[in-house]
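Q: Please take a close look at one part of this structure, for a reader who is new to it. A single connected account would be welcome.

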Amino acid sequence: MRKIIDFTDNWLFTKPGEPQKSVNLPHTWNAVDGQDGGNDYWRGTASYTKLFPRPALEPGGRAVLEFLGAAMTADVTVNGKHLAHHEGGYSTFRVDITDVLRDENTLTVAVDNSENDRIYPQKADFTFYGGLYRGVNLICVPEEHFELIKDGTLGIFVTVELSDDLKTAAVKVETQHNGSEVEITLCGETKCVKSGAEFKLDNPHLWDGTEDPYLYTVTARLPGGDEVSTHFGVRKIGFDPNLGFLLNNRPYPLRGVSRHQDREGLGNALTVKEHREDMELIREIGANTVRLAHYQHAQEFYDLCDEYGMCVWAEIPYITHHMEKGRQNTLDQMRELITQCYNHPSIVCWGLSNEIAVHGMSEDLMENHQLLNALCHKLDPTRPTTMAHAFMLDQDSPLIDVADIGSWNLYFGWYLGELEQNDSFLDEYHRKHPDRVIGFSEYGADANPRFQSPRPESGDYTESYQCVYHEHLLKCIEERPWLWATHVWNMFDFAADGRNEGGKDGQNQKGLVTFDRKLKKDAFYLYKAAWNKREPFIHICGRRYADRAEDVAEVKVYSNLSPVTLYEDGKALETKDGRTVFTFKVPLTGEHMIEAKAGEYTDRITVRKVSEFNMDYSFSRKGPVANWFDEADFDSSCYSIRDTMGTLQGNPEAAAIVNEIMTKARASRGEVAQSASSNPALQKMMAGMSFEGILKKAGENVVPAATVREINAKLQKIRK
Ligand code: GCU
């Protein structure tokens, strides 16, 4: 039997410029400075040292160190001898230290997260924490043992072929070991073979997503006693351009979220407790898929996805910025990801890259993708490859054809443009490429729960706008069942130390839940109402919007029940039938108890009428985004700022006005006056955007409201 010695405790941590200190794993040295903004978190080489006695080994036995996560590179030295160098901060790697063992041993691991030009990730919207942020073990095995070193393998691989009628499964088990023969046991049947065996399961119990994620366990044993086991699932996955994702022969639209592996105060140094908490929150909204962005996550989390039936998009951190010297690292990280995660039934695809062409395309980038794609198919012919494309990538880009399927990261209605452009973009792409399997890999809007508004607007960082945004996007994805998977960006707020927006320095706040997991934003309940079929509930939005300056307030209720009745101070106001979102108008005169009821389920908030908008709710401290105009200002027979850029560009006089202000705006932001025409994809995007939306996005200090009124007045003089 192999013996696993836990090396979690008693490490001596040394970081340049700081006194040595004792730490336990998991540990990151960026738990604080990686989350507090300023993009100034410490990146460099720090070291971890641990003393340990000689482990008991059988004659000919081996002692192998196992590192579950060392970011981003590690150099392993034992008793002064350098034994291994590993590049890639998210996978497991192992080192055989048998030959250098003494009675008392000194292990030193130099870990580095410095900036460089060949190990991904280097440029992306998340903190690149450094440290031994998962566990370390010492594995002692007999002379005859399963492979441990090669790409951090488990030494056992299970490939399942399920018949079309789902009635029989061929389970192929392959093992890697240095023994003479191996006993493989499945469902009480044992086969004694050289390395591989095939089992036949009649009427197998299927792994059927969140409804019934049944897992089998297979065990392999060597005569010398070494033993490994793995769980696996019997399932059939399919991808169709019109039906989207299929699980066990039926359309099974994947609707869920993305997750980063970090948490406030801990960085990425999580334990299984935090992983479980995250899974419980993802299950609570009723998601059936998780995009584990943008790198290989902890095995515990893939195991939880297997256990709870979450279909997983797994990926490597080939992200944002292509590096010519990074090719080998992408191949290494992908080989380790697939080798270490192959048996997880929850994983349904391998993500090659994320928005990798935002800085342009190149032959080298294309070749890198072709090599990655070929590697995935070689290591795993059972799963497709995918990519997450940025919205400005040309829909006819040859890059899209490299992977088997693809998905889009769209942020219309947040970073730019209108909410409706998400719908039109996806419909146009589906129409142009009816043979392509299309997903929606990212969409989201930042929200700081402190900020509220009676007139929510894109870019105001309010919880109110995040609701408006996700209500639109939820409808968008419900109307497009051909989207094979959709992933909210993001389930949780996460550290992006380079950011300073929305009143929280160092965070990306697109989460449905805050970084500390303590607060579920209102939009969390929208998805719970739409997707959770198990747990009846009702939720009133706006509990953090207590001071209301409006005479009549809009009160939204999210529920998976119907009808819903709203009460004010105990008096029934209105009952509505419907699904997911229920909107009510509530007159305000003083302090009120607002209750929503559906059957036995109820929720309540208190609000009070105030004379002036409470500026504490406004991120920009300027109150709700100014309403520049009243409706009366718009004569629809003439041009106005409400027209799209495409419409305005169609009239020479109007175009001249627009181009003049756009050039001035760019100049004021110090941008080279480079019109969108340098990027046809972007030009097409902007054509669908309203000029008003672009001016608002430009912001008051670039285009003051008075200027906007002047522009509109000029346009209104031009008859259509
Ligand atoms: C991009 C990127 C994410 C990033 C997100 C955002 O699409 O893939 O890593 O966090 O946009 O800007 O919030």
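A: A residue is called buried under 20% relative accessible area, exposed over 50% and partly exposed in between (1.4 Å probe, protein chains only). The model is predicted, so local features need pLDDT of at least 70 and side-chain atom pairs count only at pLDDT 80 or more, whereas totals for chains, interfaces and linings use all residues. Residues are numbered from 1 along each chain as its sequence is written, and side-chain values use heavy atoms, with hydrogens and water left out.

By this scale Thr580, at 5% relative accessibility, is buried. Thr580 belongs to strand β40, residues 580–587; strands (E, at least two residues) and helices (H or I, at least four) are DSSP runs numbered from the N terminus. Although Thr580 is not a glycine, its phi is positive, at about 75°. Asp151, also not a glycine, has a positive phi of about 55°. Asp151 is found in the loop between β12 (136–141) and β13 (156–162), and with a relative accessible area of 16% it is buried.

The centre of this account is helix α4, which covers residues 363–379. Its 17 residues reach 24 Å from the first C-alpha to the last, close to the 24 Å expected at 1.5 Å a residue, where the expected span is 1.5 Å times one less than the number of residues. Asp364, Leu365, Met366, Asn368, His369, Leu372, Asn373, Leu375 and Cys376 are the buried residues of α4. Their cover includes α3 (327–341), β28 (347–354) and β29 (385–390), judged by contact, meaning heavy atoms within 4.5 Å.

How does α3 lie against α4? The two axes, which are lines fitted to C-alpha atoms over the stretch in contact, with angles from 0 to 180 degrees between N-to-C directions, come within 10 Å and cross at roughly 20°. The helices α3 and α4 are therefore roughly parallel, a term for angles under 35 degrees (over 145 is roughly antiparallel, 65 to 115 roughly perpendicular, the rest oblique). The crossing of α3 past α4 is right-handed, that is, the near helix is turned clockwise from the far one by less than a right angle. On the α3 side, Arg327, Thr330, Leu331, Met334, Arg335 and Ile338 make the contact, and on the α4 side Asp364, Glu367, Asn368, Leu371, Leu372, Leu375, Cys376 and Leu379 do so. This contact has 8 nonpolar, 2 polar and 4 charged residues; Ala, Val, Leu, Ile, Met, Phe, Trp, Tyr, Cys and Pro count as nonpolar, Asp, Glu, Lys and Arg as charged, and the others, Gly among them, as polar.

A further helix pair is formed by α6 (residues 463–478) and α7 (residues 522–531), whose axes are 8 Å apart at an angle of about 25°. These helices, α6 and α7, are therefore roughly parallel, and α6 passes α7 in a right-handed crossing. From α6, Glu463, Gln466, Cys467, His470, Glu471, Leu474, Ile477 and Glu478 meet Asp522, Ala523, Leu526, Tyr527, Ala530 and Trp531 of α7. By class, the contact of α6 with α7 holds 8 nonpolar, 2 polar and 4 charged residues.

Two cis peptide bonds complete the picture. One joins Ala293 and His294, with omega about -25°, and His294 is in the loop between β26 (289–292) and α2 (299–308). Another runs from Ser562 to Pro563, with omega near 0°; Pro563 lies in the loop between β37 (552–559) and β38 (564–568).
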